[in-house]
Amino acid sequence: MPEAFVPLTDFVNESKSIPRDHPLDKPVAKWTEEEVLNGEIVEAGVVILRTRGCYWSIKEGCSMCGYFNDTVPGGVSDDMLREQWKKVRPTLKGKKYAKIYTSGSFIDPTEVPFDFADEVMSDMSDMGIEKVLIESLPEFVNPKNFAYANSPKLEIAIGLESSNPIVLDKSVNKRLRWSHYVKVCKLARDNGAEVKAYILLKPPYLSEKEAIEDAVQSAIDTAPYVDKISINPVNVQKNTVVEKLWFRNEWAAPWLWSVVEVLKRCEDLPVRVYSDPTGGGTRRGAHNCHDCNKKILEALKNHRLGLKELKGLHCECKSRWDALVKQSALRRNGSEPHGFRSGFAGSRHF
Amino acid sequence: MEPIGHEGLGRLLKLEDNLQTPHVVFSHTDLEESNDLESGGTIKVGKVFDLPPSPLGLDSDKSPYLQLSENIAVIDNAYSIQPKKLVEIAAEFRSEAGYSRLLYAPAVEPSQMPILAYLGVDIFDDLNVELRSSTGWVLESGEWIKHNKQIDDLFSHNRAELNRWILRIRNAISNGKLRELVEITSLHNPRVSQILHHSASLLMEKGARVHSTIRSNDLSLNHPAILDFQTRLSNYEPPAKNMVLLILPCSARKPYFKSSSHKRFFNALREVDNHLALHVVSVTSPLGLVPRELEFCYPAAHYDIAVTGKWSASEIEMLRNQLIKLNPTKHYVKAIVHAGSSSKIMTELVKELGIEVVDTRVDRPSSYEGLEILQNIARMTLSDVPLLNTKDRAKGEAKGLANFQYGDNADFLINSEISGRMPYKLRCGDLAAMSPVVGGFGLTLKGGIEYSLQNGPVITAENFKLVGDLFAVGVKSYKGNWNIGEQVVIKQNDVVTAVGIAKMFPEEMLAMNRGVAVEVRHHA
């Protein structure tokens with residue numbers, strides 16, 4: 001592992017706070033959304049189970065990740081996990097595609113006990129679910145951690161965030177080695193799982209232009225080793241370094257134009273590259289001016305579902321984005337003046 | 001680089017012919033972005049310099065606050081750092097960056113440039129101006145106006161205007177009027193006014209003492225020179241014990257004793273027996289109370305204010321504080337208030353302290369009737385006050401002034417043979433004499449020798465025949481601390497060879513190779 005960059009480690013730890021109390025028998029959230037499965041659009045069931053959370057966030061954590069806010073530091077007993085599972089089953093019933101998230105790694109046996117995982121996998125298989133998406137840090141992608149007796153097709157989402165070691169160290173605070181990452185992608189695929197890569201767009205400290213370049217380069221680098229790539233524009237989560245920088249006006253969430261730009265530049269890659277911006281269109285998520293947020297998000301959704309290409313999008317604010325990208329690397333951080341996206345019109349939206 | 005002007009922590013540097021700081025760089029010609037995240041690109045200020053890498057992974061709340069390359073120091077986020085924190089950081093600017101690095105603040109709004117220049121930033125850029133231009137706003141004297149008419153090339157128009165704005169900042173420093181420009185920009189800009197508010201004590205402590213006229217307004221109550229004067233009043237003692245405090249109004253002409261009204265007061269009072277036992281203190285805003293001996297001291301003779309006859313609540317509070325600093329209960333037996341529109345307020349304030357006070361209740365203090373009343377009241381009040389002779393009074397005046405000016409190091413002046421009388425003829429033996437230029441006692445060469453023995457600031461210069469001023473290139477080392485505008489002693493070969501007024505900060509003298517370091521007043 002690369003040596004830790006100490007100032008950011010401290011900053012991450014100081015930004016965190018102890019998660020407040022949560023009911024142990026209830027999942028964090030559950031919903032359904034449209035997804036693509038084998039080329040056709042299906043309704044997917046999405047659930048977030050409440051667990052102890054990501055081991056890395058307990059130790060240090062990443063600068064943009066606030067998912068530890070939803071965790072239970074003492075851990076959640078198997079009984080309580082089963083209680084949660086009972087409550088999410090209706091959401092998954094009748095679906096072909098399931099996304100089972102925890103605020104950590106599903107295949108970390110110290111976070112989600114293997115027996116419980118094995119149970120829910122066979123349950124889903126019995127329900128007729130064809131494919132299940134889970135998330136994990138690369139260090140847990142070991143065949144024995146997902147050697148389920150009976151399970152739907154597995155898709156493991158791994159957070160690469162960036163293929164640039166400097167970005168990982170000084171911006172994200174994630175100890176991930178590229179060679180190790182490549183190795184586990186191969187390992188997962190060799191063991192019958194698909195791999196989905198998460199790439200960050202505009203992690204903290206990076207300017208809009210540096211962010212676009214970094215995301216595009218990371219996508220190019222990782223494309224040969226994965227089955228699909230999700231571009232995740234960084235959003236402002238509670239008690240994170242990102243939130244602190246955002247409060248201080250030293251960093252702003254990326255533009256939706258940047259998301260579009262990255263996706264366009266990744267069009268020719270051999271894998272599907274798409275984006276579903278968390279908190280899109282809000283101040284804490286990727287956004288443009290308030291006139292075009294909805295339009296662009298809709299276009300991104302259509303692009304994600306393979307309905308329509310990202311073409312012919314236009315708004316007055318695009319020239320502003322152009323002006324910003326041109327100079328953003330000179331600004332030395334990811335900031336921009338308040339109200340710039342709406343042309344300093346004094347709108348109440350931004 | 002050659003420092004040619006200072007105000008506050010800001011400096012007017014001459015870098016090359018026609019190139020001075022504060023300077024603005026333009027992104028399309030002067031800034032070059034870096035190729036990777038670990039280097040910082042370049043900046044062109046005359047020559048091309050490397051910029052330090054951007055502050056990846058750093059917490060802007062923690063020191064060190066500046067990113068340094070060989071020639072440039074960058075204060076990132078200067079436009080957004082919390083005002084109080086920014087001032088805290090500004091206090092560390094020169095200890096982190098030194099004097100030979102140019103301090104660059106990227107992406108700040110034009111309206112914040114004057115206050116940042118006042119706190120020591122040398123270089124600005126046009127990044128925010130470019131963004132505003134792209135949305136159709138016009139720059140006008142540091143403010144943004146949404147334009148109605150089409151301007152052909154808004155970008156170059158705004159760049160030219162930004163250049164003019166920077167020129168105005170430079171001009172303000174060279175005329176000693178930067179404070180005014182900062183105050184103007186702070187009027188309807190909460191951020192600038194917060195920074196200005198919090199920077200008062202820093203500027204008092206570390207700022208250059210520029211002896212330019214203060215054209216006062218409500219904001220001037222927080223002017224560092226005013227605050228400094230007010231603070232030092234608590235160390236002040238009147239010329240003798242058991243005197244009668246006479247509070248007079250201030251005058252438009254400075255120093256007050258030169259004004260026609262104060263001349264009339266004096267002429268009326270000198271006819272009264274034992275008039276030397278009257279201690280004249282003028283009441284004024286924004287300074288508060290100015291004892292006669294301190295009328296030369298900056299800024300008592302260097303301000304101007306609109307006279308409205310109205311006193312605001314904050315001014316009255318300020319007067320109350322100043323009166324307490326003067327400690328009338330300890331120093332005076334009685335008080336007379338003859339201050340026109342401020343009489344009522346001052347009488348009440350003196351009464352609060354429990355001193356016997358007479359209000360002459362005259363609306364026009366320097367009118368014939370007013371003077372007659374003053375004379376009569378003075379006569380009655382002084383009848384049972386111990387006699388004070390000229391010599392004792394002069395001694396006391398010299399002591400008060402020396403203490404006010406030199407603080408703990410004043411003993412050598414107080415113990416000298418004091419002669420003459422206020423205002424112009426007062427001397428401390430052959431050590432110091434009154435000097436309107438210095439604003440109080442100006443040291444002679446002999447005074448300089450004594451001052452250096454009393455821990456006064458000493459500059460050691462190279463060995464050469466010192467003729468005229470001392471330039472930075474000739475400075476070898478220094479001892480003690482000072483602000484620009486204070487008196488310093490110059491030593492060569494361990495012998496005092498000159499005294500003068502400092503024109504640079506201590507470390508700056510060592511860092512610079514050009515420019516006047518000390519304006520010499522007396523040579524050996």
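**Domains of chain B**

I began with the distance between domain 1 and domain 3 of chain B in this predicted model, and I found that their centres, taken over C-alpha atoms, are separated by 34 Å. For orientation I noted the bounds of the domains, which are 2-206 for domain 1, 227-382 for domain 2 and 406-523 for domain 3 of chain B. I then looked up whether domain 1 and domain 3 of chain B touch, and I recorded 9 residues of domain 1 in contact with 9 residues of domain 3. On the domain 1 side of this contact, strand S1 of chain B, residues 2-7, gives the most, with 4 residues. Sorting that side by class, I wrote down 3 nonpolar, 3 polar and 3 charged residues.

**Chain A on its own**

I turned next to chain A, where I listed 11 helices and 8 strands. Along the principal axes, the C-alpha atoms of chain A fill a box of roughly 55 × 45 × 40 Å. I checked the radius of gyration of chain A, which is 20 Å, and this agrees with a compact globule because one of 350 residues would have a value near 20 Å. I also noted that 50% of the 350 residues in chain A are buried. Among the contacts in chain A with a separation of 6 or more, 74% come from residues 24 or more positions apart.

**Where chain A meets chain B**

Between the two chains I found 28 residues of chain A in contact with 24 residues of chain B. From chain A, helix H1 (6-15), helix H5 (165-172) and helix H11 (317-328) each supply at least two residues of the side that touches chain B, and H11(A) gives the most to that side, with 5 residues. By class, I entered 14 nonpolar, 7 polar and 7 charged residues for the side of chain A that touches chain B.

**Helix H4 of chain B**

I then followed H11 of chain A across to chain B, where the buried residues of H4(B) pack against it. Within chain B, the buried residues of H4(B) also pack against strand S11 (123-125), strand S12 (137-140), strand S13 (143-146) and helix H5 (154-174). How many of the residues of helix H4 of chain B are buried? I counted 8 of its 8 residues, at positions 127-134, so described as mostly covered by the cut-off of 20 or more other C-beta atoms within 10 Å. Among the buried residues of H4(B) I noted B:Leu127, B:Val129 and B:Leu131, and also B:Glu130 and B:Arg132. After H4(B) comes B:Gly136, for which I wrote down a positive phi, near 85 degrees.

How values were computed:
Residues numbered from 1 in each chain as written. Chains lettered and ligands numbered in written order. Predicted model: local features only at pLDDT ≥ 70, side-chain atom pairs only at ≥ 80, totals over all residues. Contact = placed C-beta atoms within 7 Å. Nonpolar A, V, L, I, M, F, W, Y, C, P; charged D, E, K, R; others polar. Buried ≥ 20, exposed ≤ 12 C-beta atoms within 10 Å, placed from the backbone. Rg over C-alpha atoms; globule rule 2.2 N^0.38 Å. Domains from an automatic or database assignment.
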